[in-house]
Amino acid sequence: MILELDCGNSFIKWRVISAAEGAVVAGGIVDSDQALVAAVSALPAAPRRCRLVSVRSEEETAGLSALLAQHFGLRVVVAQPAKEVAGVRNGYEDYQRLGLDRWLAVLGGFHLARGACLVMDFGTAAKADFVSADGEHLGGFICPGMPLMRSQLRTHTRRIRYDDASAERALSSLAPGRSTVEAVERGCVHMLQGFVRSQLEHAHELWGDDFTVLLTGGDALLVQKAAPQARVVPDLVFVGLAMACPLD
Ligand SMILES: Nc1ncnc2c1ncn2[C@@H]1O[C@H](COP(=O)(O)OP(=O)(O)OP(=O)(O)O)[C@@H](O)[C@H]1O
Ligand SMILES: CC(C)(CO)[C@@H](O)C(=O)NCCC(=O)O
Ligand SMILES: [K+]
(Lines give C-alpha, C1' and ligand atoms only; values in the text may rest on other atoms or scores of the structure.)
(Ligands and ions follow the chains in the order given, each with its own letter.)
Protein backbone atom coordinates (compact mmCIF):
# COMPACT_ATOMS: atom_id res chain seq x y z
CA MET A 1 0.00 0.00 0.00
CA ILE A 2 1.23 3.45 -0.92
CA LEU A 3 0.08 6.59 0.86
CA GLU A 4 -0.15 9.60 -1.47
CA LEU A 5 -0.57 13.17 -0.25
CA ASP A 6 -1.33 16.44 -2.01
CA CYS A 7 -0.65 19.16 0.55
CA GLY A 8 -2.42 22.26 -0.75
CA ASN A 9 -2.70 25.67 0.83
CA SER A 10 -5.89 24.87 2.71
CA PHE A 11 -6.31 21.10 2.71
CA ILE A 12 -4.37 17.86 2.51
CA LYS A 13 -5.84 15.43 0.02
CA TRP A 14 -4.77 11.87 0.83
CA ARG A 15 -5.32 8.48 -0.66
CA VAL A 16 -3.98 4.96 -0.41
CA ILE A 17 -3.34 2.89 -3.52
CA SER A 18 -2.34 -0.73 -3.82
CA ALA A 19 1.30 -1.05 -4.83
CA ALA A 20 0.54 -3.73 -7.42
CA GLU A 21 -2.43 -2.45 -9.45
CA GLY A 22 -2.52 1.17 -8.32
CA ALA A 23 -6.20 0.77 -7.37
CA VAL A 24 -7.43 3.38 -4.90
CA VAL A 25 -8.39 1.66 -1.64
CA ALA A 26 -9.02 4.67 0.63
CA GLY A 27 -8.86 8.44 0.58
CA GLY A 28 -10.10 11.72 1.96
CA ILE A 29 -9.54 15.39 2.65
CA VAL A 30 -8.24 16.74 5.98
CA ASP A 31 -7.39 20.19 7.24
CA SER A 32 -4.40 19.43 9.48
CA ASP A 33 -1.42 17.10 9.92
CA GLN A 34 -3.05 15.69 13.07
CA ALA A 35 -6.26 14.89 11.21
CA LEU A 36 -4.17 13.10 8.59
CA VAL A 37 -2.45 10.98 11.25
CA ALA A 38 -5.87 10.11 12.69
CA ALA A 39 -7.24 9.15 9.26
CA VAL A 40 -4.23 6.95 8.42
CA SER A 41 -4.28 5.35 11.91
CA ALA A 42 -7.89 4.33 11.30
CA LEU A 43 -7.00 2.35 8.16
CA PRO A 44 -7.28 -1.44 8.41
CA ALA A 45 -3.65 -1.83 7.22
CA ALA A 46 -0.80 0.66 7.53
CA PRO A 47 0.71 1.86 4.22
CA ARG A 48 4.31 0.81 3.66
CA ARG A 49 5.45 3.69 1.50
CA CYS A 50 4.55 7.31 0.95
CA ARG A 51 5.00 10.01 -1.67
CA LEU A 52 3.80 13.57 -1.38
CA VAL A 53 3.66 16.93 -3.08
CA SER A 54 3.47 20.10 -1.06
CA VAL A 55 3.11 23.80 -1.81
CA ARG A 56 3.67 24.54 1.88
CA SER A 57 6.90 25.82 3.41
CA GLU A 58 9.98 23.57 3.66
CA GLU A 59 9.51 23.51 7.45
CA GLU A 60 5.86 22.46 7.29
CA THR A 61 6.62 19.76 4.72
CA ALA A 62 9.58 18.45 6.74
CA GLY A 63 7.39 18.49 9.85
CA LEU A 64 4.75 16.38 8.15
CA SER A 65 7.37 13.92 6.85
CA ALA A 66 8.78 13.59 10.38
CA LEU A 67 5.30 12.99 11.79
CA LEU A 68 4.66 10.21 9.26
CA ALA A 69 8.01 8.63 10.06
CA GLN A 70 7.30 8.78 13.78
CA HIS A 71 3.74 7.40 13.66
CA PHE A 72 3.93 4.90 10.82
CA GLY A 73 7.65 4.35 10.21
CA LEU A 74 7.15 5.73 6.69
CA ARG A 75 10.01 6.95 4.57
CA VAL A 76 8.49 9.79 2.60
CA VAL A 77 9.43 10.65 -0.98
CA VAL A 78 8.77 14.35 -1.60
CA ALA A 79 8.21 15.65 -5.16
CA GLN A 80 10.96 18.07 -6.20
CA PRO A 81 11.13 20.74 -8.90
CA ALA A 82 12.55 19.53 -12.23
CA LYS A 83 13.42 20.97 -15.62
CA GLU A 84 12.02 18.01 -17.50
CA VAL A 85 9.95 14.92 -16.66
CA ALA A 86 8.21 12.44 -18.97
CA GLY A 87 8.69 14.58 -22.07
CA VAL A 88 7.42 17.80 -20.48
CA ARG A 89 9.79 20.77 -20.20
CA ASN A 90 9.19 23.22 -17.35
CA GLY A 91 8.49 26.64 -18.87
CA TYR A 92 9.48 28.87 -15.95
CA GLU A 93 12.58 31.08 -16.22
CA ASP A 94 13.53 29.55 -12.87
CA TYR A 95 12.05 26.06 -12.90
CA GLN A 96 12.26 25.81 -9.10
CA ARG A 97 9.72 28.60 -8.72
CA LEU A 98 6.88 26.84 -10.49
CA GLY A 99 4.39 25.55 -7.90
CA LEU A 100 4.78 21.81 -7.60
CA ASP A 101 1.02 21.26 -7.66
CA ARG A 102 0.95 23.02 -11.02
CA TRP A 103 3.94 21.07 -12.32
CA LEU A 104 2.41 17.72 -11.36
CA ALA A 105 -0.99 18.66 -12.82
CA VAL A 106 0.86 19.60 -16.03
CA LEU A 107 2.69 16.25 -16.09
CA GLY A 108 -0.55 14.37 -15.48
CA GLY A 109 -2.40 16.47 -18.03
CA PHE A 110 0.13 15.97 -20.81
CA HIS A 111 0.25 12.26 -20.06
CA LEU A 112 -3.55 11.94 -20.35
CA ALA A 113 -3.94 14.32 -23.29
CA ARG A 114 -1.01 12.94 -25.32
CA GLY A 115 -0.87 16.32 -26.99
CA ALA A 116 -1.40 20.03 -26.48
CA CYS A 117 -3.35 20.74 -23.32
CA LEU A 118 -4.76 23.42 -21.09
CA VAL A 119 -4.72 22.36 -17.44
CA MET A 120 -6.85 24.30 -14.95
CA ASP A 121 -6.90 23.71 -11.20
CA PHE A 122 -9.51 25.35 -8.96
CA GLY A 123 -8.47 25.30 -5.33
CA THR A 124 -7.54 28.07 -2.90
CA ALA A 125 -5.95 29.60 -5.98
CA ALA A 126 -7.16 29.16 -9.56
CA LYS A 127 -4.40 28.12 -11.95
CA ALA A 128 -4.16 27.62 -15.70
CA ASP A 129 -1.17 26.08 -17.48
CA PHE A 130 -0.46 25.54 -21.17
CA VAL A 131 1.52 22.65 -22.64
CA SER A 132 2.16 22.42 -26.37
CA ALA A 133 1.98 19.19 -28.38
CA ASP A 134 5.76 18.68 -28.16
CA GLY A 135 5.73 18.88 -24.35
CA GLU A 136 6.82 22.47 -23.92
CA HIS A 137 5.20 24.06 -20.88
CA LEU A 138 4.45 27.61 -22.04
CA GLY A 139 3.68 28.94 -18.56
CA GLY A 140 0.38 29.87 -17.01
CA PHE A 141 -1.73 32.08 -14.80
CA ILE A 142 -2.52 32.25 -11.08
CA CYS A 143 -5.63 33.98 -9.69
CA PRO A 144 -7.54 33.89 -6.45
CA GLY A 145 -9.84 30.87 -6.27
CA MET A 146 -13.32 30.72 -4.79
CA PRO A 147 -12.21 30.59 -1.12
CA LEU A 148 -9.89 33.58 -1.52
CA MET A 149 -12.33 35.75 -3.48
CA ARG A 150 -15.07 35.05 -0.98
CA SER A 151 -12.88 35.79 2.04
CA GLN A 152 -11.51 39.01 0.54
CA LEU A 153 -15.06 40.29 0.13
CA ARG A 154 -16.01 39.24 3.62
CA THR A 155 -12.88 40.72 5.17
CA HIS A 156 -12.88 44.08 3.40
CA THR A 157 -16.56 44.99 3.60
CA ARG A 158 -18.79 45.66 6.58
CA ARG A 159 -22.04 44.20 5.28
CA ILE A 160 -21.08 40.99 3.55
CA ARG A 161 -21.69 38.22 6.04
CA TYR A 162 -23.25 34.81 5.64
CA ASP A 163 -22.77 31.23 6.72
CA ASP A 164 -21.50 28.21 4.78
CA ALA A 165 -24.89 26.55 4.52
CA SER A 166 -26.50 29.55 2.82
CA ALA A 167 -23.44 29.83 0.55
CA GLU A 168 -24.03 26.30 -0.64
CA ARG A 169 -27.75 26.94 -1.21
CA ALA A 170 -26.96 30.10 -3.17
CA LEU A 171 -25.14 28.06 -5.82
CA SER A 172 -28.25 26.17 -6.91
CA SER A 173 -28.47 28.74 -9.72
CA LEU A 174 -26.27 31.43 -11.31
CA ALA A 175 -29.06 33.97 -11.93
CA PRO A 176 -28.54 37.53 -10.68
CA GLY A 177 -28.50 37.36 -6.86
CA ARG A 178 -31.46 38.64 -4.84
CA SER A 179 -29.62 38.45 -1.54
CA THR A 180 -26.04 39.20 -0.46
CA VAL A 181 -25.06 35.57 -0.28
CA GLU A 182 -26.42 34.88 -3.77
CA ALA A 183 -24.83 38.01 -5.21
CA VAL A 184 -21.38 37.18 -3.81
CA GLU A 185 -21.31 33.44 -4.33
CA ARG A 186 -22.69 33.60 -7.86
CA GLY A 187 -20.56 36.63 -8.70
CA CYS A 188 -17.39 34.75 -7.73
CA VAL A 189 -18.42 31.73 -9.80
CA HIS A 190 -18.96 34.04 -12.79
CA MET A 191 -15.43 35.39 -12.23
CA LEU A 192 -14.02 31.86 -12.33
CA GLN A 193 -16.05 30.95 -15.40
CA GLY A 194 -14.84 34.11 -17.11
CA PHE A 195 -11.28 33.06 -16.27
CA VAL A 196 -11.93 29.68 -17.87
CA ARG A 197 -13.39 31.22 -21.04
CA SER A 198 -10.44 33.52 -21.52
CA GLN A 199 -8.00 30.62 -21.08
CA LEU A 200 -9.96 28.66 -23.70
CA GLU A 201 -9.73 31.63 -26.05
CA HIS A 202 -5.99 31.76 -25.54
CA ALA A 203 -5.67 28.03 -26.22
CA HIS A 204 -7.71 28.44 -29.44
CA GLU A 205 -5.39 31.23 -30.57
CA LEU A 206 -2.39 28.98 -29.96
CA TRP A 207 -3.65 25.65 -31.23
CA GLY A 208 -6.98 26.06 -33.06
CA ASP A 209 -9.24 23.19 -32.00
CA ASP A 210 -6.40 20.77 -31.47
CA PHE A 211 -6.04 20.64 -27.69
CA THR A 212 -7.41 18.92 -24.60
CA VAL A 213 -8.82 20.73 -21.58
CA LEU A 214 -8.36 19.21 -18.13
CA LEU A 215 -10.05 20.46 -14.98
CA THR A 216 -9.11 19.56 -11.44
CA GLY A 217 -9.27 20.93 -7.86
CA GLY A 218 -12.04 21.08 -5.29
CA ASP A 219 -14.03 23.69 -7.23
CA ALA A 220 -13.66 22.22 -10.73
CA LEU A 221 -17.36 21.44 -11.01
CA LEU A 222 -18.28 25.10 -10.47
CA VAL A 223 -16.67 26.03 -13.78
CA GLN A 224 -17.45 22.93 -15.83
CA LYS A 225 -20.26 24.74 -17.68
CA ALA A 226 -17.73 27.21 -19.09
CA ALA A 227 -15.67 24.37 -20.59
CA PRO A 228 -18.12 21.72 -21.75
CA GLN A 229 -15.39 19.91 -23.68
CA ALA A 230 -13.16 19.54 -20.61
CA ARG A 231 -12.20 16.30 -18.92
CA VAL A 232 -12.70 16.61 -15.16
CA VAL A 233 -9.90 14.67 -13.46
CA PRO A 234 -10.14 15.08 -9.69
CA ASP A 235 -6.91 13.13 -9.07
CA LEU A 236 -4.80 14.85 -11.74
CA VAL A 237 -2.13 15.96 -9.25
CA PHE A 238 -1.82 12.35 -8.07
CA VAL A 239 -1.38 11.17 -11.67
CA GLY A 240 1.55 13.57 -11.96
CA LEU A 241 2.85 12.62 -8.51
CA ALA A 242 3.21 8.98 -9.54
CA MET A 243 5.13 10.11 -12.64
CA ALA A 244 7.46 12.43 -10.72
CA CYS A 245 8.04 10.05 -7.79
CA PRO A 246 8.15 6.45 -9.00
CA LEU A 247 8.71 4.14 -6.01
CA ASP A 248 11.25 1.61 -7.37
N1 LIG B 1 -14.89 17.50 -0.09
C2 LIG B 1 -14.31 18.71 -0.07
N3 LIG B 1 -13.49 19.04 0.95
C4 LIG B 1 -12.88 20.24 0.98
N5 LIG B 1 -13.06 21.17 0.04
C6 LIG B 1 -13.89 20.91 -0.97
C7 LIG B 1 -14.53 19.67 -1.09
N8 LIG B 1 -15.26 19.69 -2.22
C9 LIG B 1 -15.09 20.91 -2.76
N10 LIG B 1 -14.29 21.66 -2.02
C11 LIG B 1 -13.89 23.02 -2.31
O12 LIG B 1 -12.62 22.98 -2.92
C13 LIG B 1 -11.88 24.16 -2.63
C14 LIG B 1 -10.47 23.77 -2.19
O15 LIG B 1 -9.91 23.07 -3.25
P16 LIG B 1 -8.55 22.25 -3.11
O17 LIG B 1 -8.69 21.25 -2.03
O18 LIG B 1 -8.23 21.77 -4.49
O19 LIG B 1 -7.61 23.44 -2.65
P20 LIG B 1 -6.19 23.45 -1.99
O21 LIG B 1 -5.42 22.25 -2.43
O22 LIG B 1 -6.27 23.71 -0.57
O23 LIG B 1 -5.65 24.74 -2.67
P24 LIG B 1 -4.56 24.87 -3.80
O25 LIG B 1 -4.73 23.67 -4.71
O26 LIG B 1 -4.88 26.14 -4.49
O27 LIG B 1 -3.31 24.87 -3.05
C28 LIG B 1 -12.68 24.92 -1.57
O29 LIG B 1 -13.35 26.00 -2.19
C30 LIG B 1 -13.69 23.91 -1.09
O31 LIG B 1 -14.90 24.52 -0.73
C1 LIG C 1 -0.08 29.12 -6.87
C2 LIG C 1 -0.09 28.12 -5.74
C3 LIG C 1 -0.18 28.83 -4.42
C4 LIG C 1 -1.34 27.28 -5.93
O5 LIG C 1 -1.41 26.25 -5.01
C6 LIG C 1 1.15 27.18 -5.82
O7 LIG C 1 1.22 26.60 -7.07
C8 LIG C 1 2.42 27.92 -5.51
O9 LIG C 1 2.73 28.18 -4.38
N10 LIG C 1 3.17 28.28 -6.58
C11 LIG C 1 4.41 29.00 -6.50
C12 LIG C 1 4.35 30.21 -7.37
C13 LIG C 1 4.26 29.90 -8.85
O14 LIG C 1 3.77 28.83 -9.25
O15 LIG C 1 4.70 30.75 -9.65
K1 LIG D 1 -3.73 21.50 -4.67
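Good morning. A polar contact, as I shall use the term, is a pair of N or O atoms within 3.5 Å. The structure before you is a predicted model, and I shall begin with ligand 2.

By that criterion, Y92 makes a polar contact with ligand 2, because one of its polar side-chain atoms lies 2.6 Å from an oxygen atom of the ligand. R102 also places a polar side-chain atom 2.8 Å from an oxygen atom of ligand 2. G99 takes part through its backbone: an N or O atom there lies 2.8 Å from a ligand oxygen. As for burial, ligand 2 taken alone exposes 380 Å², and the protein buries 74% of that area. The residues surrounding ligand 2 also include N9, V55, R97, L98, D101, A125, K127 and I142.

Let me turn to the sheet. Five strands form an open sheet in the order β3-β2-β1-β4-β5, and their pairing is mixed. Which strands stand at the edges? They are β3, residues 24–30, and β5, residues 76–78; each has a single partner strand, so one side of each is left without a neighbour in the sheet. On average, neighbouring strands are turned by 15 degrees against each other, direction ignored.

At the β3 edge, β2, residues 12–17, runs antiparallel to β3, and 6 bridges join the two. Within this part of the sheet, W14 stands opposite G28 of β3.

Finally, the helices. Helix α2, residues 58–72, lies across β1, β2, β4 and β5, and runs at about 165 degrees to β4. Helix α8, residues 236–244, lies across β1, β2 and β4, at about 120 degrees to β1. Thank you.

Key:
Residues are numbered from 1 along each chain as its sequence is written. Chains are lettered from A and ligands numbered from 1 in the order in which they are written. This is a predicted model: local features need pLDDT of at least 70, side-chain atom pairs count only at pLDDT 80 or more; totals for chains, interfaces and linings use all residues. Side-chain values use heavy atoms; hydrogens and water are left out. Two strands pair if DSSP finds at least two bridges between them. Helices (H or I, at least four residues) and strands (E, at least two) are DSSP runs, numbered from the N terminus. Axes are lines fitted to C-alpha atoms, for helices over the stretch in contact, and angles run from 0 to 180 degrees between N-to-C directions. Contact means heavy atoms within 4.5 Å. A residue is near a molecule or strand if one of its heavy atoms lies within 4 Å of it. A polar contact is a pair of N or O atoms within 3.5 Å; within protein, one must be able to donate a hydrogen and the other to accept it, and residues adjacent in sequence count only if both atoms are side-chain atoms. Accessible areas come from the Shrake-Rupley method with a 1.4 Å probe; for residues, only the protein chains shown count as cover.
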